[in-house]
Amino acid sequence: MRVLLVLAVATCVSIATLADDRSTSADLILTGGKIVTLADSSPQVEALAIQGDRIQAIGKQREILEQWAGPETRIIDLRGRLAIPGFIEGHGHFLGFGDSLMILDFADAPSWSEILRQVAEASETAGPGVWIRGRGWHQDKWSETPRSAVEGLPVHHELSALTPNNPVILTHASGHASFVNQRAMELAGINTDTPNPSGGEILRDGSGEPTGFLRESAQAFARIAMGRSADLNGSEDRRLRQVALAAEQCLQHGVTSFHDAGASFSDVALFK
């Protein structure tokens with residue numbers, strides 16, 4: 001049984017049959033597959049022709065090849081695979097997505113011990129004072145509850161012992177909480193006497209000491225401290241790297257349009 005392949009064929013394109021308007025041959029022709037157009041008149045066709053950034057013609061394979069193939073046309077035989085219009089991301093954060101590809105990924109971490117291992121490994125190459133960042137962990141995915149857990153969540157001591165010279169922030173899979181080490185709490189001004197901010201919580205153990213877990217708006221303490229770091233100051237080179245990584249991942253998975261929720265004017269200028 002053939003595995004269906006999602007193929008992103010062009011970015012921001014319109015499906016049309018404009019053979020009469022063509023002035024040159026097609027740049028790209030797709031043939032030999034199941035091409036779903038989402039057009040009521042021709043929901044599935046054998047071939048399509050692309051010129052520039054537009055789909056110029058759809059139809060039977062022989063007709064498309066006869067009318068649109070030229071000496072410079074690239075022809076892709078889909079070999080029975082499925083081609084569909086590119087996916088549109090309706091709500092996302094493009095720079096944040098790119099940034100997530102530059103940090104530790106804990107989505108598949110089976111335990112707190114595995115997270116500690118990855119952080120320890122990262123600390124071996126991180127210079128003194130450099131923030132170690134990660135995201136994607138979720139305590140419900142762990143095979144066991146960490147030692148001395150508070151509300152099923154770890155306490156920072158093991159993490160802090162592994163990273164005495166580096167602040168660490170590990171964002172929860174939900175994005176609504178983060179876990180930090182002792183060095184990060186020192187830079188953020190978090191201690192026993194720090195009050196909970198409005199809309200947030202600094203989780204504490206039985207003696208009132210912060211555990212390192214920051215809920216909701218309490219994350220701002222660490223993020224403000226992190227924003228003062230020279231290596232995370234939002235330089236254009238770093239932001240461009242985020243854009244490049246996000247774009248590469250989107251295209252690999254067939255996402256050809258992306259609605260950035262809350263992009264600033266400077267973000268839009270950067271995208272352009």
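Trainee: Which residues do ring pairs link into a cluster?
Mentor: Let's start there, and keep in mind that this is a predicted model. The aromatic pairs here come to six in number. Ring pairs join five of these residues into one cluster: W112, W137, W142, F179 and F213.

Trainee: Is the aromatic pair of W112 and F179 stacked or edge-to-face?
Mentor: A pair of aromatic rings is described by how far apart the centres are and by the angle of the planes. For W112 and F179 the centres are 5.1 Å apart and the planes stand at 70°. Planes over 60 degrees apart get their own name, so the pair of W112 and F179 is edge-to-face.

Trainee: How many residues apart in sequence are the parts that the pair of W112 and F179 ties together?
Mentor: Look at where each ring sits: W112 is in helix α3, while F179 is in strand β12, residues 177-180. W112 and F179 are both buried. Because one ring belongs to the helix and the other to the strand, the pair ties together parts whose separation in sequence is 67 residues.

Trainee: And is the pair of W137 and W142 stacked or edge-to-face?
Mentor: Both of these tryptophans, W137 and W142, are buried. Their ring centres lie 5.5 Å apart, with the planes at 20°. Planes under 30 degrees apart fall into one class, so the pair of W137 and W142 is stacked.

Trainee: Which residues are closest to the centre of the largest pocket?
Mentor: The largest pocket has a volume of about 820 Å³. It is lined by 31 residues, and those closest to its centre are H93, G96, F97, S100 and R135.

Trainee: How many charged residues are in the lining of the largest pocket?
Mentor: Several elements each supply at least two residues of that lining, among them β8 (87-92), α2 (94-100), β10 (132-137) and α7 (236-252). By class, the lining of the largest pocket holds twelve nonpolar and eleven polar residues, and the charged ones number eight.

Trainee: Which element gives the most to the lining of the second largest pocket?
Mentor: The second largest pocket holds about 320 Å³ of space. Its lining has twelve residues, and nearest the centre are F94, A247, T256, S257 and F258. Two or more residues of this lining come from α7 and from β15. The element that gives the most, with five residues, is β15.

Trainee: How many nonpolar residues are in the lining of the second largest pocket?
Mentor: This lining can be divided by class as well. One residue is charged and three are polar, while the nonpolar count is eight.

Trainee: Which are the edge strands of the open sheet of four strands?
Mentor: The strands run in the order β5-β4-β1-β6, with mixed pairing. An edge strand pairs on one side only, and this fits β5 (54-59) and β6 (74-77).

Trainee: Which residue in β4 stands opposite L30?
Mentor: Strands of a sheet pair through backbone hydrogen bonds, in a parallel or an antiparallel way. Here β1 (residues 28-31) and β4 (residues 47-51) are antiparallel partners over three bridges. Across from L30, the residue in β4 is L48.

Trainee: Which residue in the turn of the β13 and β14 hairpin has a positive phi?
Mentor: β13 (residues 200-204) pairs with β14 in the antiparallel sense over four bridges, and I202 has L214 as its bridge partner in β14. Five residues lie between the two strands of the hairpin. In that turn, the residue with a positive phi of about 90° is G208.

Trainee: Is E216 buried or partly exposed?
Mentor: E216 lies in strand β14, residues 210-216. Its phi is near 45°, a positive value in a residue other than glycine. Buried would need under 20% relative accessible area and exposed over 50%. E216 has 39%, so E216 is partly exposed.

Trainee: Is S148 buried or exposed?
Mentor: S148 sits in the loop between β10 and α4 (157-162). It has a positive phi of about 55° although it is not a glycine. Its relative accessibility is 61%, and the class above 50% is the one that applies, so S148 is exposed.

Trainee: How far apart in space are G127 and N166, C-alpha to C-alpha?
Mentor: G127 is in the loop between α3 (112-123) and β10. At 27% relative accessibility, G127 counts as partly exposed. G127 and N166 are 39 residues apart in sequence, and their C-alpha to C-alpha distance is 7.9 Å.

Terms used
Residues numbered from 1 in each chain as written. Predicted model: local features only at pLDDT ≥ 70, side-chain atom pairs only at ≥ 80, totals over all residues. Heavy atoms only, no water. 1 Å grid on protein atoms, 1.4 Å probe; cavity = no way out; pocket = protein on both sides within 12 Å on 5 of 7 lines; lining within 4 Å. Points joined across faces, edges and corners; volume = space filled by probe spheres on them. Nonpolar A, V, L, I, M, F, W, Y, C, P; charged D, E, K, R; others polar. Pairing = 2+ DSSP bridges. Buried < 20%, exposed > 50% of the residue type's maximum accessible area, 1.4 Å probe, protein only. Phe/Tyr/Trp six-rings, centres within 6.5 Å; stacked < 30°, edge-to-face > 60°.
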